[in-house]
Amino acid sequence: MVQPTSGAIRAANRVRVVDVLRHAGSATRAELAEQTGLSRATISSLVGDLAQRGLVSERRSRSEHRQGRPTATVALNRSAGVAIAVDVGVRHVAVAVGDLSRTVLTERWTTLPRGHGAAKGIEIVVRSIEETLSQAAVEPEQLIGAAISIAAPVATDSERLLVPGVLPGWNGSELAGRVAQQWNIPVVMENDANLGALAEAVSRGHSDDGDLLYVKVASRVGLGVAFGSQVHRGRDGYAGELGHVTAEPDGERCWCGRRGCLELYAGGDGMLRRLGRTTLGVNSIAHLVEQARAGHQEVLRVISDGAKAMGRALANVALVINPTTIVLGGELAALGALLADPIRAELTTIPFGRPIKVCVSELGGRASLVGALAVVLTESSRFVDRSQTLSSNRSGTSQVRL
C-alpha cells in the first residue's frame, strides 16, 4: 500500500480549509481548526501558505463584547476565483459575478416580456455576462464555474428541464452548453426555488439551527428545501413542486393536468384570473399588490383565500419535514403580513413541536441569483474540473485555482 507523501497530505489539508471558507464565507483560525479537525498549528501554517499565494486575507475587527486584541477572520480573496450566476425568470434575466468571499462584484438585470424565447434570451445572457465581467475587471482565468437558475424543475441526471412548457423554447442544456463553451468552465442548472432556499440557508451561516423551507410565490408557486446548507432535490429533481399539491379536489383543471392545484389559488396568475372576473381590472402582480395595500376588499379576499390554502399545504409539509423556518420569497412576498399572517395561523394548528418561524425573504427578488452564486461556493465537487488546477496569474506568481 502506497503511503501518501507529506506534500499530498498538506495539499489535502489545504483543500479542507478552502472548502470551509467556501461554505462559511469567512472564519477565525479557531473555527477552521474546529471544522477541519486540524490542529491550530497546522491551520496557522496552511493559512500562511494560502496568504503567501494571494488566495486569502485576514481582517481584524474588534467585538463590542470583547476586550483586548481584535479577532482575526480569514476569507478567500478574489484571486481565489470568481463565479458567474444567471437567473432566468418568467419576465427577466439577471447576471451577477461574485468572488469566494461572497462579495457580489456586479450584477445586471434585463426585463423581458412574459414567455420570452430562448434564442433571444440566451444572447442577452451571454452579452450580460460579457458586460458584467468587463465591469468587474474579471479575467477569464479567474473563473471557476457558473450556475444558472431557471423557473422550472431540472432533471438531476442532466440539464434537461422537466417541465419545458414553463419557459417555452428553453431546454436548459442549450444555455448551459453555450456558457460552458464560451468561458471554458463547468456550468450547472438549478431550479429557482431550490436556489432561493440555498441562498437563505447560506445567508444564515453554517451554524443555522435547523432545516428551512423557501416558498417562491410569484406567477406560480415553488418550494425549495434546505437541510442545513444542502438542497434536497429528490430522485428526479421534482422535490418542492408545492404548487401542484391538491388544494381543491374538485377544483379547476391545472395546466399540469391535475385538478385544484395550489398555485391556481395561491399563485399570482391564479389570483389574477380570479380577479379578472371582477370589474377591478387588476392586470399584473405589481398591480395586485398595489390594490391590496390600498385596501380593496375583493383583492384582499382573493389573497386571503390563497394564503390560507398555502398555509394548509405548508402545514402538511411541515408535519413531514419539521422545519425550523419558512421563508416567503417571490413577487407576492411584497404583500408582507397579508400573506404571512394567514400562513402563520394555519401553522398553529400543528399539534406537535415548537412554533415554526415564518418570515419574508430579505433577499427579495435577488434570492435565486444569490443562490446561484452559493452553489459554486458550497458545492465545490460540482466544479472539480477547475478546483485544484495550478496556474500562473498575470504577474507570474503561482496560485491555486479553487
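**Group meeting talk: loops, a sheet, a core and a pocket**

Let me start at a loop: alanine 137 lies in the loop between α4, residues 118-135, and β7, residues 143-150. Please keep in mind throughout that what we are looking at is a predicted model. Alanine 137 has a positive phi of about 55°, although it is not a glycine, and with a relative accessible area of 55% it is exposed, because exposed here means over 50%. Another loop residue belongs beside it on this slide, namely asparagine 322, whose place is between α10 and β12. Asparagine 322 is not a glycine either, and it has a positive phi of about 60°; at 58% relative accessibility, asparagine 322 counts as exposed.

From the loops I would like to move to the sheet. In what order do the strands of the open sheet stand? There are 5 strands, and they run β6-β5-β4-β7-β8, with mixed pairing. As general background, strands of a sheet pair through backbone hydrogen bonds, and they may do so in a parallel or an antiparallel way. At the edges of our sheet we find β6, residues 104-111, and β8, residues 187-191, and each of them has a single partner strand, so one side of each is left without a neighbour in the sheet. If we ignore direction, neighbouring strands of this sheet are turned by 15° against each other on average.

Let us look at β5 more carefully, going from one partner to the other. Strand β4, residues 82-88, is joined to β5 by 7 bridges, and these strands run antiparallel. They form a hairpin with 3 residues between them, and within this pairing isoleucine 84 of β4 stands opposite valine 97 in β5. On the other side, β5, which covers residues 92-99, pairs with β6 over 7 bridges, again in the antiparallel sense. Here glycine 98 stands opposite valine 104 in β6, while valine 93 stands opposite threonine 110 in β6. β5 and β6 also form a hairpin, this one with 4 residues between them, and arginine 102 in the turn has a positive phi of about 70°.

Is β5 buried or exposed? It is mostly covered, and in fact 8 of its 8 residues are buried. In a regular strand, the side chains alternate between the two faces of the sheet. In β5 both faces are covered: His92, Ala94, Ala96 and Gly98 are buried on one side, and Val93, Val95, Val97 and Asp99 are buried on the other.

My next topic is the nonpolar core. In soluble globular proteins, nonpolar side chains tend to be buried together. The largest nonpolar core in this model has 40 residues, and those that touch the most other members are Val215, Leu242, Leu288, Met310, Ile326, Leu328 and Leu347. Several elements give two or more residues to this core, including β9 (212-217), α9 (285-293), α10 (297-321), β12 (325-329) and α11 (337-347). Which element gives the largest share of this core? That is α10, with 11 residues. Apart from this core lies another one, of 36 residues, and among them are Val18, Leu32, Leu38 and Ala94.

Two residues help us to see how distant parts of the chain meet. Leucine 314 is found in helix α10, and at 0% relative accessibility it counts as buried, because the cut-off for buried is under 20%. Leaving out residues up to four places away in sequence, leucine 314 touches Val215, Leu242, Ile326, Ile343 and Leu347. Leucine 314 and valine 215 are 99 residues apart along the chain, and yet their C-alpha atoms are separated by 9.2 Å. Isoleucine 326, with its neighbours within four places in sequence left aside, is in contact with Leu213, Val215, Leu314, Leu347, Ile356, Lys357, Val358 and Cys359.

Finally, I come to the largest pocket, in which about 750 Å³ of space lies. Of the 39 residues that line it, the closest to its centre are Val90, Ala151, Asp192, Lys216 and Ala218. The elements that give two or more residues to this lining are β4, β6, α6 (192-203), β9, β10 and α12 (367-378), and the largest share, 3 residues, comes from β10. When you turn the model on the screen, you can look for β4 and β6 both in the sheet and in the lining of this pocket.

How values were computed:
Residues numbered from 1 in each chain as written. Predicted model: local features only at pLDDT ≥ 70, side-chain atom pairs only at ≥ 80, totals over all residues. Heavy atoms only, no water. Core = buried A, V, L, I, M, F, W, Y, C linked by side-chain atoms within 4.5 Å. Buried < 20%, exposed > 50% of the residue type's maximum accessible area, 1.4 Å probe, protein only. Contact = heavy atoms within 4.5 Å. Pairing = 2+ DSSP bridges. Axes fitted to C-alpha atoms, helices over the stretch in contact; angles between N-to-C directions. 1 Å grid on protein atoms, 1.4 Å probe; cavity = no way out; pocket = protein on both sides within 12 Å on 5 of 7 lines; lining within 4 Å. Points joined across faces, edges and corners; volume = space filled by probe spheres on them.
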